[in-house]
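Reader: I am new to this structure and would like a close look at one part of it. Please take that part slowly and then place it beside the rest.

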Amino acid sequence: MNTVIKGSDLTIGIDIGGTKISAGVVDSSGNLIDSSKCSTPAEGGKELISSVVNLVKELNKKHEIKGIGISIAALISSDYGTIVGAPNIANLSKLNFANEIKEEFKLPIIIENDANAAMWAEFKFGSAKGLNPVMFFIIGTGVGGGLVIDGKLFKGANGIGAEFGHMCVVPNGLLCGCGAKGCIEQYASGGALIRYANEALLANPDKSEEVLNFGEGKLSGTALTKAAKAGNELALAAFSKQADWLGLACASYSLIIDPQAIIIGGGVVDAGELFLTPVRAAMRKYMPFAESHVPPKIIAAKFGNDAGLIGAADLVRA
Ligand SMILES: [Zn+2]
């Protein structure tokens, strides 16, 4: 039961999202040695735990595993075991997720919010290495956040700290998945990007064919990235709107945290400088006391979809 994880030991990282569960065997340098995945069971709860157990068993047959780190799209209590809230995964809130899986494998286990796990991967092995303090925005359908201060993940009193996506920027604005209104997530996320593009298409129906052709008839983040890279003005305008809101958030958070750098991850990174340059410009535009301090660097994340599982696999070593 009291397994000690040594430097050369392998651990497993699991990333549980709303649609799929990815598992990977990771070494102490953050390299992914082997991987497997399955769909997230719609019923969640115990079924979800069984899916995780099966993935671990499959990888454990081929490798000697000394610990399990789980990254999940949910708020996690600061004791690393209980799910505080999981808006996109069913029937999880009453389970002590960590204990259920620990009973099966008798190995050290931790469970962490997916954005925090991804932040940790960037800090240990990626774009945030050596930076202090350093904060992280992960821009997908929503906006996740992570923060490392003095080499430690900042979690807050109850494990819900650094949820940067839920700062209110528009009083009584759009309803957010968290239950509040006007959160930055509703204006700076990938979901908002698609809404901006949709609004522009409704206002300019003659331009819709050109934009939709980039996504084989469907409007998506990938299609808009392709369109923006090809110089499509409507796509560029949608990215610039999203970037303006994110730049505003970066400026406001700078005065709370004074980070050395802000790492931007998630699907939006595929747009590269087309997105990051307007984020930097917006941050300068909205920055309080702009001339009197050094603004944080805005840097693209190193890891893509594997960030959560690589970070979680390392957190169980700590
Ligand atoms: Zn919110």
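How many bridges join strand 11 to strand 12, and do the two run parallel or antiparallel?

Author: This is a predicted model. In it, strand 11 is joined to strand 12 (residues 297-300) by four bridges, and the two run parallel. One residue to look for is I263, whose bridge partner in strand 12 is I299.

Strand 11 also pairs with strand 8 (residues 134-139), again in the parallel sense, over five bridges. I263 takes part here too, as the bridge partner of F136. I263 thus has F136 as a partner in strand 8 and I299 as a partner in strand 12.

The link between strand 11 and strand 12 includes a helix. Together with helix 9 (residues 273-286), the two strands make a right-handed β-α-β unit.

Next comes the covering of strand 11, which spans residues 261-265. Five of its five residues are buried. On one side these are A261, I263 and G265, and on the other I262 and I264, so both faces are covered.

Elsewhere in the chain there is a zinc ion. Its protein donors are H166 through ND1 and C176, C178 and C183 through SG, at 2.0 to 2.4 Å from the ion. Along the chain these donors follow the spacing H-x9-C-x1-C-x4-C. The arrangement is tetrahedral because the four donor atoms subtend angles of 104 to 118 degrees around the zinc ion. For four tetrahedral donors the ideal angle is 109.5 degrees. Two of the cysteines can be set side by side: C176 counts as buried because its relative accessibility is 4%, whereas C178, with a relative accessible area of 43%, is partly exposed.

A further part is an open sheet of five strands with mixed pairing, in the order 3-2-1-4-7. Strand 3 (32-39) and strand 7 (109-113) are at the edges with a single partner strand each, so one side of each has no neighbour in the sheet. Neighbouring strands in this sheet are turned against each other by 20 degrees on average, direction ignored.

The partner of strand 3 can be followed by residue. Strand 2 (residues 20-26) pairs with strand 3 in the antiparallel sense over seven bridges, and V26 stands opposite L32 of strand 3. Helix 1 (residues 45-62) lies across strand 1 (10-16), strand 2, strand 3 and strand 4 (65-72), running at about 150 degrees to strand 3. Helix 2 (residues 97-105) also packs on the sheet, where it touches strand 1, strand 4 and strand 7; the direction of helix 2 makes about 150 degrees with that of strand 7.

Terms used. Residues numbered from 1 in each chain as written. Predicted model: local features only at pLDDT ≥ 70, side-chain atom pairs only at ≥ 80, totals over all residues. Heavy atoms only, no water. Buried < 20%, exposed > 50% of the residue type's maximum accessible area, 1.4 Å probe, protein only. Pairing = 2+ DSSP bridges. Right-handed = clockwise from strand over helix to strand, strands pointing away. Donors = N, O, S within 2.8 Å, 3.2 Å for Na, K, Ca; no water. Tetrahedral: all angles 85-135°; square planar, octahedral: opposite > 155°, others 65-115°. Axes fitted to C-alpha atoms, helices over the stretch in contact; angles between N-to-C directions. Contact = heavy atoms within 4.5 Å.
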